[in-house]
Amino acid sequence: MSDETSTSTGTRNGTGTPAGPQPEPLRFFGTTWVEHDGGYTGRRIGVAVGSLAAAVAACFVLRFAYQGLAIADVGTPVTVMVVVMFAVCSALAFRHTSDAFSKRPDPDRQASLRGLLAIGFVGSLLAYCFRSLTEAPGEKLHRAEYEAAREQYTRRTTRRAGNPAKKRRRA
C-alpha cells in the first residue's frame, strides 16, 4: 500500500494526484461532476436527449409487440394484461431508479428486482432523462459521500498542537 503523502506539495506520491479520498466517477460524466467542468453541461444535455430517444425507440418496439398481439388475436384479456404489466413495471422501475439516485440501493433487493427493472426499462430511461435535466444522475448522492469522506480525511490528518501529556497544569 503506497498511500504516502508529500507534506510539501499536498499530493500523493508526488504524482499530482491530491492526497485523500478521490471522487467516484459517474457513468457518462467521469469526475466532471465535482467541479462541473470538462463539458459537464453538454454531457447532461446529451444524456437527457439520448435517454429520451432510447425511451421513444423502446416505446416503438413495445408498439410493434402490441401489434403482434393484435395480429395473433390472443384476446382482449391477454392484451390488457400485457399492457398493464408494462405500465406497472415501468412505473415501479421509474420509482426505483429515481430513488437509487438519492440513496444507495440494497444489493439483495436490487438483485430481486432485476426482472421487474428489465421489463420496465422505459421507466428507468425516463427517470435517467428527467434527473439529467437538473444534475448528473447520482451526483447528489456521490457529492454527499465525497464531501463526508473529505471531511473525515481532514479531521484524521489535522495535527494536534502538542503533546497533551506535557501540558502544564494551571495553578
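What follows is a set of questions and answers on the labels used for this predicted model.

Local features here need pLDDT of at least 70, side-chain atom pairs count only at pLDDT 80 or more, and totals for chains, interfaces and linings use all residues. Residues are numbered from 1 along each chain as its sequence is written, and side-chain values use heavy atoms, with hydrogens and water left out.

Q: What makes up the protein chain in terms of helices and strands, and in what order do the elements run?
A: The chain has seven helices and three strands, where helices are DSSP runs of H or I with at least four residues and strands are runs of E with at least two, numbered from the N terminus. From that end, the order is β-β-β-α-α-α-α-α-α-α.

Q: Why is F29 called buried?
A: Buried means under 20% relative accessible area, exposed means over 50%, and partly exposed is in between (1.4 Å probe, protein chains only). F29 has 0% relative accessibility, so it counts as buried. The residue sits in the loop between β3 and α1.

Q: What does F29 touch, leaving out residues up to four places away in sequence?
A: With contact taken as heavy atoms within 4.5 Å, F29 touches Y40, R43, R44, V47, A136 and P137. As for G39, 10 residues apart from F29 along the chain, the two C-alpha atoms are separated by 8.9 Å.

Q: Why does F28 count as exposed?
A: F28 comes in at 53% relative accessibility, and the exposed label starts over 50%, so F28 counts as exposed. F28 lies in the loop between β3 (17-18) and α1 (32-35). Its phi is near 75°, a positive value in a residue other than glycine.

Q: Why is H36 called partly exposed?
A: The value for H36 is 43%, which falls between the two cut-offs, so H36 counts as partly exposed. H36 is in the loop between α1 and α2 (40-72). Its phi is positive too, at about 55°, although H36 is not a glycine.

Q: How do you know that α2 and α3 are roughly antiparallel?
A: Check the angle: α2 and α3 pack at about 165°, with their axes 10 Å apart. Axes are lines fitted to C-alpha atoms, for helices over the stretch in contact, and angles run from 0 to 180 degrees between N-to-C directions. Angles under 35 degrees count as roughly parallel, over 145 as roughly antiparallel, 65 to 115 as roughly perpendicular and the rest as oblique. The α2/α3 angle is over 145, so the pair is roughly antiparallel.

Q: Which residues of α2 and α3 meet, and how do they divide by class?
A: L62, Y66 and L69 in α2 meet T79, V82, V83 and F86 in α3. They divide into six nonpolar, one polar and no charged. For the classes, Ala, Val, Leu, Ile, Met, Phe, Trp, Tyr, Cys and Pro are nonpolar, Asp, Glu, Lys and Arg are charged, and the others, Gly among them, are polar.

Q: Why are α3 and α6 called oblique?
A: The axes of α3 (residues 76-100) and α6 (residues 121-132) come within 7 Å and cross at roughly 40°. That angle fits none of the other three ranges, so α3 and α6 are oblique to each other. The contact is made by S90, A93, F94, T97 and S98 of α3 and V122, G123, S124, L126, A127, F130 and R131 of α6. By class, that gives six nonpolar, five polar and one charged.
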